[in-house]
Amino acid sequence: MSLKIDRGLFKYDFIDHHAILCVSVDADVKDIRKRYLQIARRLHPDSSAMTTATEKQLASELLSKLVNPAYEKLTGERSRTEYIVVLSQMGKRLVQESASVELNTDLARQLAAAPNIDHLYKTTIAKIAETQYESLQQSIQVISQVSELNLVYLMRSAGKAFAVPPPSAKPTSNSGTSQTNTPAAPPPPPPPVKEDSVAEQYIRRAQSLIDKNQFAQAKVELQDALKLEPKSSRCHSLIGLVYLKQNQLKMAKIHFDNALKLDPNDQVATTWKPKIEKALGQQSSGSKVTSPPNTGTKQPDKSGGGGLFGGLFGGKKK
């Protein structure tokens, strides 16, 4: 099946990532992420209910060639800022060329004539999203339909200020707004294309957060990764490490056990599981745990660890 789309905004040599994910053009990153997880669960072979080889192949292509790149584009801070700027300019361009714009669907024509466009647009997008990828053979047609709705909404909204960048913690990130002629430029990390790498973007972010000792945020990323790939030994071992860093030894052991069931050679799990078992055993017997220092640690145990965190990792508390 061809993945070429030539209707809606796609007709103007513009990749409509919002249509691919079936979210409104003013959706925030949180809603985009939630929608992506819904689609990924539907299309990924480990979590989908598809049985035939043809369906699985098509689902894999939709996920790797359309859905993953759309998610990367709309959630990367710099790429999203550039994309929204181009999207806003696209609306102004469409208004200037309105005489040549053709609408192919009744929904788009109804939206063009609607008095309350915001309400109708968002409720229609939400309704289509419920079944967007149920019929994979019709998915390209549905994306085209959504892109037409986006086209109409952009034209009707061209007279008002469009939300350019998402909220950013960096006040100096204005340089991206001047690059308005590169809509096809990919974000720095390329989108995952392998079937077994759907959760890779979450794992990369989690690893970076772990390196910065931001364990709570890392746990959120890894929990999302496990929803997509529950059989990933790496996800289990990393979240086990996060629990260990938070001095939740029993939870850490559970995930290290899961990691080793999936991959007996997982290095993180094989390194830390014996130490945790020893620490838990000494805790039960009332013995004092002392181990060589490793890395600096954070807060005391809030899950009944009794100071074992400091014993496992050593170092001064900050």
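Reader: Is S233 buried or exposed in this structure?
Author: Happy to start there, with the reminder that this is a predicted model. S233 sits in helix α10, which covers residues 233–245. Its relative accessible area is 15%, and the cut-off for burial is under 20%, so S233 counts as buried.

Reader: Which residues does S233 touch, leaving out those up to four places away in sequence?
Author: One useful clue is the distance to N265, which is 32 residues away along the chain. The C-alpha atoms of S233 and N265 are separated by 9.7 Å. The residues that S233 touches, beyond four places in sequence, are A259, L262, D263 and D266.

Reader: How many helices and how many strands does the chain have?
Author: Reading from the N terminus, the elements run α-α-α-α-α-α-α-α-α-α-α-α-α. The tally is 13 helices and 0 strands.

Reader: What share of the residues counts as buried?
Author: The accessible surface of the chain comes to about 16,300 Å², and carbon and sulfur atoms hold 52% of that surface. The chain has 318 residues. Of these, the buried share is 47%.

Reader: Which residues have the most contacts inside the largest nonpolar core?
Author: That core has 82 residues. I143 gives a good view of it: beyond four places in sequence, I143 is in contact with I5, F10, A19, I20, L66, Q132 and Y133. Inside the core, the residues with the most contacts are L43, L62, V67, Y133 and I143.

Reader: For contacts with a separation of 6 or more, what percentage comes from residues 24 or more positions apart?
Author: I143 is a handy example of contacts beyond four places in sequence, with I5 and F10 among its partners. Across the chain, for contacts with a separation of 6 or more, the part due to residues 24 or more positions apart is 68%.

Reader: Which residue forms a salt bridge with R204, and how far apart in sequence are the two?
Author: Side chains of opposite charge can pair when their charged atoms come close. R204 pairs with E72, with the closest N and O atoms 3.9 Å apart. R204 belongs to helix α8 (residues 200–211) and E72 to helix α3 (residues 53–75), so the bridge ties together parts of the chain. R204 is partly exposed at 35%, E72 is buried at 7%, and the partner you asked for, 132 residues away in sequence, is E72.

Reader: What is the distance between the closest N and O atoms of R78 and E82?
Author: Both residues lie in helix α4 (residues 77–96), 4 residues apart, about one turn of the helix. R78 is exposed with a relative accessible area of 55%, whereas E82 is buried with 8%. They form a salt bridge, and the closest N and O atoms are separated by 3.3 Å.

Reader: Which backbone oxygen does the side chain of T81 reach?
Author: T81 is also part of helix α4. With a relative accessible area of 7%, T81 is buried. At 2.9 Å, its side chain reaches the backbone oxygen of E77.

Reader: Which residues are joined into one network by salt bridges that share partners?
Author: The count of salt bridges comes to 13. One of them links K273 and E277, with the closest N and O atoms 3.7 Å apart. Salt bridges with shared partners make one network of R33, R205, E221, D224 and K227.

Reader: What is the phi of D13?
Author: Most residues other than glycine have a negative phi. D13 lies in the segment before α1 and is exposed, with a relative accessible area of 75%. D13 is not a glycine, yet its phi is positive, at about 55°.

Reader: Where is N213 found?
Author: N213 is not a glycine either, and has a positive phi of about 65°. With a relative accessible area of 31%, N213 is partly exposed. Its place is the loop between α8 and α9.

Reader: Which helix has the lowest mean pLDDT?
Author: The mean pLDDT of the chain is 78, and 75% of its residues reach 70 or more. Over residues 287–311, pLDDT stays under 50, and it is also below 50 over residues 313–318. Among the elements, helix α1 has the highest mean, 96, while the lowest, 48, belongs to helix α13.

Conventions:
Residues numbered from 1 in each chain as written. Predicted model: local features only at pLDDT ≥ 70, side-chain atom pairs only at ≥ 80, totals over all residues. Heavy atoms only, no water. Buried < 20%, exposed > 50% of the residue type's maximum accessible area, 1.4 Å probe, protein only. Contact = heavy atoms within 4.5 Å. Salt bridge = Lys/Arg side-chain N within 4 Å of Asp/Glu carboxyl O. pLDDT = per-residue confidence, 0-100. Polar contact = N/O pair within 3.5 Å; in protein donor to acceptor, adjacent residues only side chain to side chain. Areas by Shrake-Rupley, 256 points an atom, 1.4 Å probe, with all protein chains shown as cover. Core = buried A, V, L, I, M, F, W, Y, C linked by side-chain atoms within 4.5 Å.
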